[in-house]
Amino acid sequence: MAYKKSDTLADKISKRINQINNSFDNKKKSNSAATRKEAQKFIERFSEKQADTLYKHIPDYAKAKYAGIDEDYIVNAGLWQEYLVKEWLDKIALDKILPTERKRDIFQMDRTNNGTSSEKSEKIQCRNLKYNKNLVMGELLDFQVPLKARKGEQKVYKPDHKGELDIVARQGKEMVIIEYKIPDSTEPLLRAVLEAITYYNQICGNNPEQSEFLKEFNKTFSLDCDKIGSAIVVPKIAYEFGHERAFKLIEEYKIKCYTFGNGTDYNDIVELADGEITALCQSAKEKLKGIYEKTDIIVSGIKLI
């Protein structure tokens with residue numbers, strides 16, 4: 001969203017709130033049945049506070065291409081995240097997400113990808129990282145692993161769990177699920193973190209000894225892993241402007257953090273040390289200070305239901 005040079009931070013926040021309200025109102029009144037259905041589905045999920053679908057709504061109004069104007073970027077990307085954190089994330093328990101009950105043919109030794117061939121495709125990049133034997137994140141063994149049961153299984157297994165494990169790796173005796181975002185992704189840090197946590201809980205990460213995913217992982221690749229961990233790979237800017245709750249969840253769930261060394265090459269992946277994450281957290285907290293100071297205005301101003 002474009003702002004005037006004379007706009008104060010309060011002006012920008014007010015304009016952004018109005019834009020979100022108008023956009024959502026237009027969706028509800030749209031001539032497109034699909035758009036109206038999408039809006040209604042959001043309302044239902046929001047009203048029910050479904051923990052396993054929160055991550056889906058993080059990018060709705062939080063995608064913002066960085067253009068070198070820090071304050072504008074913060075308002076565009078940060079305001080929506082703060083709203084969802086206070087009105088949703090604060091009111092649910094992520095550890096209550098139910099596990100997905102899949103028990104066979106979960107992993108593959110040599111998975112093919114029939115999607116786009118574009119190098120900018122998340123699926124292609126995940127595939128290439130595996131077959132190029134990028135070892136920074138451990139031994140990459142599978143990619144784009146579906147969590148949703150096959151149609152033939154849905155009478156037995158829960159069909160409502162969707163999503164895919166972008167990359168699954170082995171680090172020592174730990175199976176690590178990796179949430180991957182391409183180098184030019186405009187999705188905020190909170191999206192990747194919540195997605196990783198959602199999938200972690202869906203594969204029964206809190207009880208690895210009971211996880212059918214871990215059992216199948218060991219069986220497929222002839223391993224003896226006894227732990228499940230999670231990791232994220234996101235552009236550096238996602239950390240630099242990350243919401244404070246995202247950093248708290250990274251610490252709570254012990255999520256391993258990776259980024260791209262030169263910012264554009266998806267093969268150039270580096271791990272962030274604890275000290276680097278702490279520094280990024282403090283810097284981001286200062287950048288989003290203006291948003292946090294306006295929480296009451298944001299929560300009371302946005303009207304979606």
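Which residues of helix α9 (residues 244-252) are buried? The close-ups below, taken from a predicted model, begin with that helix.

**View A. The buried residues of helix α9 and what covers them.** Welcome to α9, whose buried residues are Glu 244, Ala 246, Phe 247, Leu 249 and Ile 250. Look around these residues and you will find their cover, which includes the helices α6 (189-202), α8 (236-240), α10 (274-287) and α11 (289-292), along with the strands β4 (227-233) and β5 (256-260). Follow the chain to just after α9, and you meet Lys 254, which takes a positive phi of about 55°.

**View B. Thr 53 in the loop between α2 and α3.** Here the loop joins α2 (33-48) to α3 (54-57), and Thr 53 lies within it. Thr 53 counts as buried because its relative accessible area is 7%, and the cut-off is under 20%. Leaving aside residues up to four places away in sequence, Thr 53 touches Arg 45 and Trp 88.

**View C. Phe 42 and Phe 46, a stacked pair in helix α2.** The structure holds 15 aromatic pairs. In this one, the ring centres of Phe 42 and Phe 46 are 5.7 Å apart and the planes meet at 25°, so the pair is stacked. The two residues are four apart in helix α2, about one turn of the helix. Both Phe 42 and Phe 46 are buried. Step back to see the cluster that ring pairs build from Phe 24, Phe 42, Phe 46, Tyr 61, Trp 80, Tyr 83 and Trp 88.

**View D. Lys 287 over the face of Phe 241.** In this last view, Lys 287 lies 4.4 Å from the ring centre of Phe 241.

How values were computed: Residues numbered from 1 in each chain as written. Predicted model: local features only at pLDDT ≥ 70, side-chain atom pairs only at ≥ 80, totals over all residues. Heavy atoms only, no water. Buried < 20%, exposed > 50% of the residue type's maximum accessible area, 1.4 Å probe, protein only. Contact = heavy atoms within 4.5 Å. Phe/Tyr/Trp six-rings, centres within 6.5 Å; stacked < 30°, edge-to-face > 60°. Lys NZ or Arg CZ within 6 Å of the ring centre and 35° of its normal.
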